[in-house]
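Me: Could you take a close look with me at one part of this protein, the sheet and what lies around it? I'd like to follow how the pieces fit together.

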Amino acid sequence: MSLSFEGLSLTLRGRKILKEVSGRFQQGRVTVILGANGAGKSSLLSCLVGLREPQSGEVKLGDRTLLSMDSRERGRLIGLLPQRPDIHWNVDVKTIVGLGRLPHAGRWGMSAADHEAVLKAMAATDCNDLADRKAMRLSGGEQGRVLLARVLAGEPQWLLADEPLASLDPAHQFDVLDRLKSYAKTGNGVIVVLHDLTQAARVADDIMILKEGSILAAGRCEDVMTAEVLGEAYGVEVQITTSDAGEPLVVPVRRL
Ligand SMILES: Nc1ncnc2c1ncn2[C@@H]1O[C@H](COP(=O)(O)OP(=O)(O)OP(=O)(O)O)[C@@H](O)[C@H]1O
């Protein structure tokens, strides 16, 4: 099942944020959305999960429009890890992660399958040691992992993450990228907004680049991540090389 959007226009307070954009994401692949600050990346994700209603255009899962689904069904199909998540509830980590099962919850509370999904998500995000801690007292990076666990616990067919590496140390950045990759490998769709171009090149099967509310480029990573396209997107000169281990290195070197 693909996730697609057609002719999306979003205007906020008189400003055109998305300008009739169209595109399609495939399951089984990681798509990284890139673009300068303010390009419209978070706004596009908000439209894709139904948090914002565009003035025109539509979002479809397979051949069904997002608006034809109720919020529980949408919640089971699409999970969003928002940008700069912040936890203010005075509850423990395993309770927060359990909230990710709400779209699945039956009348009698959490089932064995719900508990299993929560445990799996906590293990996958290295949160087991945090399970009984109060989430609001954790560091920013730890909170980020907990909120990723909450989304994973919902086992959505589509996982959307807005800058999930922000405030993570390098080791946990690799863990999260590996997690996203393996989530896609099991047949789910993964769409992730990143600013780190090297990490983007490592994790992405596909890339979509936004510029000023329009799509500048979209396609397979190797076709889209060129110095020319990135220069146009960000206004910087970028050097693309490979590490000794053969991994891509994409380094901005100066403003154009
Ligand atoms: N509620 C709002 N009212 C008015 N303008 C808004 C609102 N929300 C976002 N914008 C504007 O929409 C534009 C796109 O914002 P968006 O958050 O989608 O960008 P982004 O590409 O995710 O940026 P960043 O990389 O900085 O997170 C920005 O210019 C922003 O100021």
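Reply: Happy to! Please keep in mind that this is a predicted model. To set the scene, the protein chain has 9 helices and 12 strands. Its radius of gyration is 18 Å, close to the 18 Å that the globule rule gives for 256 residues, so the chain is as compact as a globular protein of that length. Of those 256 residues, 42% count as buried.

Now to the sheet. It is an open one, built from 4 strands in the order 2-1-4-5, and the pairing is antiparallel. Strand 2 (15–25) and strand 5 (64–65) stand at the edges; each has a single partner strand, so one side of each is left without a neighbour in the sheet. In general, strands of a sheet pair through backbone hydrogen bonds. At the strand 5 edge, 2 bridges join strand 4 (residues 56–61) to strand 5, and there you can find Leu61 opposite Arg64.

Next, look at helix 1 (residues 41–49). Helix 1 lies across strand 1 (3–12), strand 2 and strand 4, and runs at about 120 degrees to strand 1.

Helix 1 also leads us to the ligand: with 3 residues, this helix gives the most to the shell around the ligand. Strand 2 takes part too, as strand 2 and helix 1 each supply at least two residues of that shell. Of the 13 residues around the ligand, Asn37, Gly38, Lys41, Ser42 and Ser43 come nearest. By character, the shell divides into 3 nonpolar, 7 polar and 3 charged residues.

Definitions and conventions:
Residues numbered from 1 in each chain as written. Predicted model: local features only at pLDDT ≥ 70, side-chain atom pairs only at ≥ 80, totals over all residues. Pairing = 2+ DSSP bridges. Contact = placed C-beta atoms within 7 Å. Axes fitted to C-alpha atoms, helices over the stretch in contact; angles between N-to-C directions. Near = placed C-beta within 6 Å. Nonpolar A, V, L, I, M, F, W, Y, C, P; charged D, E, K, R; others polar. Rg over C-alpha atoms; globule rule 2.2 N^0.38 Å. Buried ≥ 20, exposed ≤ 12 C-beta atoms within 10 Å, placed from the backbone.
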